[in-house]
Amino acid sequence: MSKKKAAYLDLDNRKNDFPQETTQDSTIEAVNELLREGIARGASDIHLEPVEEGLNIRLRIDGKLYFLQRFSREMFPLVISRLKIMAGMNIAEKRLPQDGNIYLEEGKQGINIRVSTLPLIHGEKMVLRILNPAGLLMSLNSLGFNEDNLMLYQKFLEYSCGMILVTGPTGCGKTTTLYSTLKHINSPEKNIITVEDPVEYRIENVNQVQVNTKTGLTFAAALRTVLRQDPNIIMVGEIRDAETAEIATRAALTGRLVFSTLHTSDAPRAVTRLLDMGVEPYLLNSALVGVVSQRLIRLNCRHCLEEDRPGAAELSLYRKVCPEEETPVFYRGRGCIHCNYTGFKGRIAIHELMPVDETMRDLIQTSRSERQIRNYAISRGMKTLLQDGMQRAARGETTLQEVIRETYYAF
């Protein structure tokens, strides 16, 4: 199958034309069918993009966007308005971006859909982020940690106070890692409070705060109040500014276990990012327990697996990163109906974990050098994202190309 065709979803020979009649009933039917299709396909996002000819629909599956369908120009405003009504948004406002939320009952569990609009030259673009609880609350064993990293991460969780950071780009599964962690450590004896923007899933017996910048309830403002609520464990959805970084760090020094996320490309850069934000080195080296950096890589489709022959440059990089291991036989998915002819089906996380010991604390205090921190962490056994990914490729779970594409800039 050609690369161009692989960008289109094969719906198992089903007719993927949604109703195009411009009536209320047909619009409701079309929107319902679109949501069902996105959920059934395991899409993380549904993109509704206005073009001159109408409204293009694309689904993000396993991190990639695939064209699904186009609504007519007449149908376009009706579909957008229907989704706005479902999300509690102002259907008359088309000049400014809006945010909303749709809650659907799907099986035994409800599904949250986060809705965002953006005015473009051809009309409003809308993105629906599907927050399926089945993918947000997982056991620690299901998060993709290799055996050594899982044991190390569980040691992080034994601390009664300190800061644990999860880093990576948007969409790499940081929220899933944090939610699954809270589920793992949750117990009636602990007061767990989260500060999130937005709250993506409600966890039983966890006190969750939704940030609202319009009313002044920022991360920093919420965090200050949380500290007066006698918490044992605090989860800050994201450290975005210096004020939040400092409050979170000080909270970790006053007997609380603090979890949060940062957008950095690897674990050592989390230290330099916080220092650049203005967190004092003496605070950070006392508070930080460890850093987890992660990516999501696509898995080979098991239905069409065949031997792969990576290029010379890819093999050379593998031998450089994994010099102690013999060069294995690599595999890839050929492409079949089960994987929409992409060769990939599903994703899994790869990780690098950086614990903070006494020597690391001295490095944070004195040198503040990202390179020195990284070199010391590797000398103490830290397996990099590239190493973790390449070992998965060596086991036939994914391709070298996929690992390099997702991680090489972090090497």
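1. A nonpolar core is here a set of buried Ala, Val, Leu, Ile, Met, Phe, Trp, Tyr and Cys residues joined through side-chain atoms within 4.5 Å. In this predicted model, the largest such core has 40 residues. The members with the most contacts inside that core are Leu165, Val271, Leu274, Leu284, Leu288, Met354 and Met360.

2. Leu274 may serve as an entry point for inspecting this core. Beyond its neighbours within four places in sequence, Leu274 is in contact with Met163, Leu165, Ile239, Ala245, Leu262, Val279 and Leu284. Two of the residues named above, Leu165 and Leu284, thus recur in the list of contacts of Leu274. Another core lies apart from the largest one and comprises 30 residues, including Leu68, Phe76, Ile102 and Met126.

3. As regards the overall fold, the protein contains 15 helices and 15 strands. Its radius of gyration is 23 Å, close to the 22 Å given by the globule rule for 411 residues, so the protein is as compact as a globular protein of that length. The C-alpha trace spans about 70 × 55 × 40 Å along the principal axes.

4. Among contacts with a separation of 6 or more, 64% are accounted for by residues 24 or more positions apart. Of the 411 residues, 52% count as buried.

5. On the surface, the protein exposes about 19700 Å², and carbon and sulfur atoms supply 48% of that area. With respect to charge, there are 52 positive and 51 negative side chains. The centres of these two sets lie 2 Å apart.

How values were computed:
Residues numbered from 1 in each chain as written. Predicted model: local features only at pLDDT ≥ 70, side-chain atom pairs only at ≥ 80, totals over all residues. Heavy atoms only, no water. Helix = DSSP H or I, 4+ residues; strand = E, 2+ residues; numbered from the N terminus. Rg over C-alpha atoms; globule rule 2.2 N^0.38 Å. Buried < 20%, exposed > 50% of the residue type's maximum accessible area, 1.4 Å probe, protein only. Contact = heavy atoms within 4.5 Å. Areas by Shrake-Rupley, 256 points an atom, 1.4 Å probe, with all protein chains shown as cover. Lys, Arg positive; Asp, Glu negative; His and termini not counted. Charge placed at Lys NZ, Arg CZ, Asp CG, Glu CD.
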